[in-house]
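Student: I should like to learn how to read a structure of this kind. May we go through it feature by feature?
Tutor: Certainly; let us place it before us and begin.

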Amino acid sequence: MFDAAIGLSALVFLLVLIRYVIQLINNNTRLFAITQRGYELEQELTRAQISKTVNETKLDTETDPITWKGFRRFQIIFKVKEAKDIVSFYLAPVDGKPLPKFLPGQHLTFRLNIPGQAKPVIRCYSLSDSPNHSDYYRVTIKKQSPPADAKDAPPGLSSSFFHDSLIERDYVDVGAPSGHYYLDTNKNTPLVLIGGGVGITPLLSMLNTITEKNSKGKLSNRETWFFLGCHNRQDHVMKEHLKRVAKTHKNVSLHVCYSSPKESDIAGNGFHHKGRVTVELLKNVLPSNKYEFYFCGPPKMMGDLHEGLGEWGVPEDNLHFEAFNSNSINAIAGAESVETESSIKITFSQSQVTLPWNPSSGSLLAFAEENGIILNSGCRAGNCGSCLTPIKSGLVTYLVEPGKKPDARSCLTCISIPKTDLTLDG
Ligand SMILES: Cc1cc2nc3c(=O)[nH]c(=O)nc-3n(C[C@H](O)[C@H](O)[C@H](O)COP(=O)(O)OP(=O)(O)OC[C@H]3O[C@@H](n4cnc5c(N)ncnc54)[C@H](O)[C@@H]3O)c2cc1C
């Protein structure tokens, strides 16, 4: 009897113990689950916070992406043939950050390490698409053949490097968008945009900006006359794009001129006028001269338009042009300058040479080179700053407005000429 009572007590004790252990396990499991959930919640919260911060940062940079100093690495993401000898390069920043907006008409500056060249080669290329794409920039480059009067000369250094050596996934070093040649998109004044050959690029950026919705989702109704001059269908760059834009935008009137159409080029089907873009044509086509004119193209076209539009009564303030090289600068400046001789003397102090200035050289850089004096140079159009040279004494004047005007103690030799006797530290 006594044994049975002890056995029963032991059993009860065992059952209580087992229950206690089970409860303990349950509690611990629940506690673990709660802790685990807490941990997961904490993780979720952290993740949400990270994502919120990332989004906020992204939004901040998207609405106000900062520009950069010096050169930034870009990858060529697409290389697209646009016409004979003309290729577009789509560039994405390697750091993946959004790109600052630019003003339609501005350009990029490239620093290219071209095999065989002692120094990096600096060249400028206009942005050819609208600024509405925060993930890429586009430039459109023509491979430069040797000039007609020097057929044995090498083809263009940088443009050949882009065409023949650089491929998709390659990297290039790029300076931020810059330049004072751009369309004021806050205005609604009627426009005439004129591109000759690859000079279409800044005008294309302007056209695309006008015909795409702006950041507020609005479309511009700005009256726009777009003229393109090229030889024929072979070098008719962005043909389908231009056709589509003109067809879908009532405010855009497209006029394509072929200077040497092929037999298979039919007027009305792809091009509108046989011949070049001239002031005569503009007078015939445009209702008046009350427009802002933006143009860029080969030297002769630039010189003729600048002079002819002035004679037609278009105020200088309404003439906006971009020179791709010193020939275009000279063509425009030549229309203004009648000086053929000069008594001005130029001293190059490092070379210890003093020479009489020759106005037909066009620029101080060209004058130095003609006399065997090597000065630094880059874009040859006053934009990249490579030719900045200290002035020891004297004054210069600029043939065209520099991208960024240096102070009076130095000058951009590629676009300046002397005003007085001059001593350059070169
Ligand atoms: C603001 C700006 C925007 C621009 N935008 C564009 C653009 O959108 N697209 C574009 O295609 N270009 C553009 N350019 C022009 C571009 O920057 C280059 O000038 C162009 O590509 C030629 O450079 P390159 O290095 O290929 O030729 P370079 O090597 O500078 O040669 C220029 C020419 O000289 C010839 N040459 C070379 N050596 C000799 C020699 N010994 N004797 C005689 N001739 C010789 C070459 O054959 C070539 O025809 C722009 C220029 C500026 C300033």
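Student: How many helices and strands does the protein have?
Tutor: The model, which is predicted, contains 8 helices and 19 strands.

Student: What share of the residues of the protein count as buried?
Tutor: Of its 426 residues, 42% count as buried. As for the surface, the protein exposes about 23,800 Å², and carbon and sulfur atoms supply 54% of that area.

Student: What share of the contacts join residues at least 24 apart in sequence?
Tutor: One sets aside pairs that are close in sequence and considers contacts between residues at least 6 apart. In this protein, 66% of those contacts join residues at least 24 apart.

Student: Let us turn to the ligand. How many residues surround the ligand, and which are the closest?
Tutor: A residue belongs to this shell if one of its heavy atoms lies within 4 Å of the ligand. Here 27 residues surround the ligand, and the closest are C124, Y125, P154, S158 and S159. By class, the shell has 14 nonpolar, 10 polar and 3 charged residues.

Student: Which elements each supply at least two residues of that shell?
Tutor: They are β4 (121-126), β5 (137-142) and α2 (157-165). Strand β4 gives the most, with 4 residues. In terms of domains, domain 2 (71-178) and domain 3 (191-334) each contribute at least three residues to the shell.

Student: Which polar atoms of the protein lie beside oxygen atoms of the ligand?
Tutor: For such a pair, the cut-off is 3.5 Å between N or O atoms. A polar side-chain atom of S159 is 2.6 Å from an oxygen atom of the ligand. Backbone atoms take part as well: a polar backbone atom of P154 lies 2.7 Å from a ligand oxygen, and one of S145 lies 2.8 Å from a ligand oxygen. On its own, the ligand has 990 Å² of accessible area, of which the protein covers 78%.

Student: Helix α2 supplies residues to the shell. Which residues of α2 are buried, and what covers them?
Tutor: The buried residues of α2 are S158, S159, S160, F161, F162 and H163. Their cover includes the strands β1 (71-83), β2 (86-93), β3 (107-112), β4 and β5. Two of these residues, S158 and S159, are also among the closest to the ligand.

Student: Where is T209, and why does T209 count as buried?
Tutor: T209 is in helix α3, which spans residues 200-211. The cut-off for burial is under 20% relative accessible area. T209 counts as buried because its relative accessibility is 15%. Apart from neighbours within four places in sequence, T209 is in contact with P104, S130, P131 and T185.

Student: Let us consider backbone angles. What is the phi of R169, and where does R169 lie?
Tutor: One reads the sign of phi together with the residue type. R169 has a positive phi of about 85 degrees, although it is not a glycine. R169 lies in the loop between α2 and β6 (171-178). With a relative accessible area of 67%, R169 is exposed.

Student: What is the phi of R380, and in which loop is R380 found?
Tutor: Phi of R380 is near 60 degrees, again a positive value in a residue other than glycine. R380 is found in the loop between α8 (364-370) and β15 (388-393).

Student: Why is R380 described as partly exposed?
Tutor: Partly exposed residues fall between the limits of 20% and 50%. R380 is partly exposed because its relative accessible area is 28%.

Note on methods
Residues are numbered from 1 along each chain as its sequence is written. This is a predicted model: local features need pLDDT of at least 70, side-chain atom pairs count only at pLDDT 80 or more; totals for chains, interfaces and linings use all residues. Side-chain values use heavy atoms; hydrogens and water are left out. A polar contact is a pair of N or O atoms within 3.5 Å; within protein, one must be able to donate a hydrogen and the other to accept it, and residues adjacent in sequence count only if both atoms are side-chain atoms. Accessible areas come from the Shrake-Rupley method with a 1.4 Å probe; for residues, only the protein chains shown count as cover. Ala, Val, Leu, Ile, Met, Phe, Trp, Tyr, Cys and Pro count as nonpolar, Asp, Glu, Lys and Arg as charged, and the others, Gly among them, as polar. Domain bounds come from an automatic or database domain assignment. Buried means under 20% relative accessible area, exposed over 50%, partly exposed in between (1.4 Å probe, protein chains only). Contact means heavy atoms within 4.5 Å.
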